[in-house]
Amino acid sequence: MEKAKIVENVAFNIIKQAVIYIPDDVKQALKKAYAEETSETGKTQLNAILNNIELAEKHKAPVCQDTGTIIFYIKAGTQAKNLEKVEGALINATRRATKEVPLRPNAVDPFAQRNSGDNTGRFIPFVNWEIVLGDSIELTVMTKGGGSENVCVTGMLVPGQGITGLKKFVVDTVINAGAKPCPPTIIGVAIGGGADISMKLAKKTLLKPLNEPNPDSEIAKLEKEILEAANMTGIGPMGLGGKTTVLGVHVDYAFRHPASFPASVAFNCWASRRASARINADETVEYLTRKMEM
Amino acid sequence: MVVYKLQTPISEADIRKLKVNDMLYITGTMVTARDQAHQRALEYFRQGKPLPINLEGLAVFHCGPVMSKQGDKWVAVAAGPTTSTRMDIFEDEFVKNFKVRVVIGKGGMGKRTTDAMAKYGAVYGAFTGGAAILAAKAIKSVLRVEWFDLGMPEAMWIFEVEEFGPLTVAIDSHENNLFTDVAKNVEANKQRIYQKLGISQ
């Protein structure tokens, strides 16, 4: 089969997987939260979420009506062929998925206020490229809901306040977000680099499974500390009160300019939608998040 | 907490029985409206033009669904709630002019809406954000779509629903607002969190 067609098919499949099937690590975290939640209203919300996840799987329907903005992360092998055809194939896959899954058309021209109707437009789907050694191409898709995107924040903090300043910034951001990002959420925090770099890193951590803390034990400790602090707020599932506000926290960083302390907080709703697949040089495909059903 | 199952059209007397934290299921007619449908409905009212459907006693749902046309029939594929705060600038007039009894969405609404609900007799039912299939399965039929020129998410979809829920009554018609209560609690907890993290203000 032609390479572009293979990339299109694989991209279509991972979009479909992502919008229908919530990853196992997130499901486990939600089940644990349901078992531990003490607020009656909070439990009702978590129960509805778990029922909904099951119904989406059973009916092969998108778990949420906001099927998000489509963002790809590509790891392109230095020896991989036909890379120039990948972006075109991703656009075709997005159009097909919009029609066939179906997805909600979510790409709007900000000047004309016109919805393109097929989830494509200038820079959308957005493609993040990374070059890696090898001859395979790894595709990851994140379909990012609007509610959780609307509360993502970048702040230029005061370097002298250090990590304590960061903790305050994250706690305040979670409190300001309140019910809006559909808690329980997953939070990505990143510092350093620059305003754009910190947000890019924060958002990218949302692709990490919840059971993968940062390998640096100091950072892993900070992740845990932020998680516990966020769950002390009492915002609860859907902001209706309870002890489950956040399911997991990922922290990443880049070195910073001496005068700058950029910090970003990226939110994902409980409906964390991500899926990956690898296309090998011999055209075999491995689905990495969830096996493909034949 | 009391569980209520109400059938539309819902009377003011019935809606006034509901209290914050009660659970509600609705059977009957439900109409979707987001920003643009709210705006157009209020424009129609000012111009004295009738709405495509009489909303008295019905439920309005803040929702931009994914719909699929199968033959000549529309089917709701996914239909969870959208963030309600965007409709805060319209909802008081909406409740007053059209006498809807239940407003459904996620994330809660502010004082303007809370006051109007107390004055005219309506409640806000919080539906679990993202629970789009749970919602779609309670939609038994799509009666019709109005204002389709606004696009699929913004159009006014008229649904026949059966035991649509669970809705948590988050604003009742007695000036109680669960989201305001939670916010007060969160504000108090914030000081404890700051202390724990060694944050001085």
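## Proline bonds, charges and rings in a predicted model

A:P184 is found in the loop between helix 6 and strand 7 (185-191) of chain A. The structure described here is a predicted model, and this proline is a useful place to enter it, since a cis peptide bond, with omega at about 5 degrees, joins A:P183 and A:P184. Chain B has a cis bond as well, running from B:G165 to B:P166 with omega near 0 degrees, and there the proline, B:P166, lies in strand 9 (residues 156-171) of chain B.

### Backbone with positive phi

Two residues of chain A have a positive phi although neither is a glycine: for A:K60 the angle is about 50 degrees, and for A:Q113 about 55 degrees. A:K60 belongs to the loop between helix 3 and strand 1 (69-77) of chain A, where, at 41% relative accessibility, this lysine counts as partly exposed. A:Q113 sits in the loop between strand 2 (108-109) and strand 3 (114-115) of chain A, and its relative accessibility of 61% makes it exposed.

### Cysteines without partners

How many disulfides does a search of the whole structure find? Over all chains, the search finds zero. A:C64 is in no disulfide, and the nearest cysteine sulfur, which belongs to A:C269, is 6.4 Å away. A:C64 is nevertheless buried, with a relative accessibility of 9%. Why does A:C182 form no bond with the closest cysteine sulfur? That sulfur, in A:C269, is 6.1 Å from the sulfur of A:C182, which is too far for a bond, because a disulfide requires the two sulfur atoms to be within 2.5 Å. A:C182 also counts as buried, at 7% relative accessibility.

### Salt bridges

Over all chains, the search of the structure finds 29 salt bridges. Three of them, all within chain A, are set out below with the distance between nitrogen and oxygen.

| Lys or Arg | Asp or Glu | N to O distance |
|---|---|---|
| A:K27 | A:E57 | 2.7 Å |
| A:K167 | A:E225 | 3.1 Å |
| A:R278 | A:E286 | 3.2 Å |

The pair A:K27 and A:E57 links helix 2 (residues 24-36) of chain A to helix 3 (residues 40-59) of chain A, so it ties together parts that are 30 residues apart in sequence. Within this pair, A:K27 is buried, with a relative accessible area of 14%, while A:E57 is partly exposed at 22%.

In the salt bridge between A:K167 and A:E225, the lysine lies in helix 6 (residues 162-177) of chain A and the glutamate in helix 8 (residues 217-231) of chain A, so that parts 58 residues apart in sequence are tied together. A:K167 is buried at 12% relative accessibility, and A:E225, with a relative accessible area of 25%, is partly exposed.

In the pair formed by A:E286 and A:R278, the glutamate is partly exposed at 35% relative accessible area, and A:R278 is partly exposed at 25%. Elsewhere, salt bridges that share partners join A:K5, A:E8, A:R96 and A:E100 into one network.

### Rings and the charges over them

A:R96, a member of that network, also takes part in another kind of arrangement, for its charged end sits over the ring of A:F12, 4.2 Å from the ring centre. Similarly, A:K43 lies over the face of A:Y34, at 4.5 Å from the centre of the ring.

Over all chains the structure holds nine aromatic pairs. One of them is formed by B:F45 and B:F98, which are arranged edge-to-face, with 5.7 Å from centre to centre and 90 degrees between the planes. B:F45 lies in helix 2 (residues 35-47) of chain B and B:F98 in helix 3 (residues 88-98) of chain B, so this pair ties together parts that are 53 residues apart in sequence. B:F45 is partly exposed, at 40% relative accessibility, whereas B:F98 is buried at 9%. Ring pairs also bring in B:F94, which is linked with B:F45 and B:F98 into a cluster.

### A glutamine between the chains

Is A:Q45, which lies in helix 3 of chain A, buried or exposed? At 0% relative accessibility, A:Q45 counts as buried. The side chain of A:Q45 makes a polar contact of 3.2 Å with the side chain of B:T168. Leaving aside residues up to four places away in sequence, A:Q45 touches A:P237, A:M238 and A:L240 in chain A, together with B:T128 and B:T168 in chain B.

Notes
Residues are numbered from 1 along each chain as its sequence is written. Chains are lettered from A and ligands numbered from 1 in the order in which they are written. This is a predicted model: local features need pLDDT of at least 70, side-chain atom pairs count only at pLDDT 80 or more; totals for chains, interfaces and linings use all residues. Side-chain values use heavy atoms; hydrogens and water are left out. Buried means under 20% relative accessible area, exposed over 50%, partly exposed in between (1.4 Å probe, protein chains only). A salt bridge is a side-chain nitrogen of Lys or Arg within 4 Å of a carboxyl oxygen of Asp or Glu. Helices (H or I, at least four residues) and strands (E, at least two) are DSSP runs, numbered from the N terminus. Rings of Phe, Tyr and Trp (its six-membered ring) pair if their centres lie within 6.5 Å; planes under 30 degrees apart count as stacked, over 60 as edge-to-face and the rest as tilted. A charge sits over a ring if NZ of Lys or CZ of Arg is within 6 Å of the ring centre and within 35 degrees of the ring normal. A polar contact is a pair of N or O atoms within 3.5 Å; within protein, one must be able to donate a hydrogen and the other to accept it, and residues adjacent in sequence count only if both atoms are side-chain atoms. Contact means heavy atoms within 4.5 Å.
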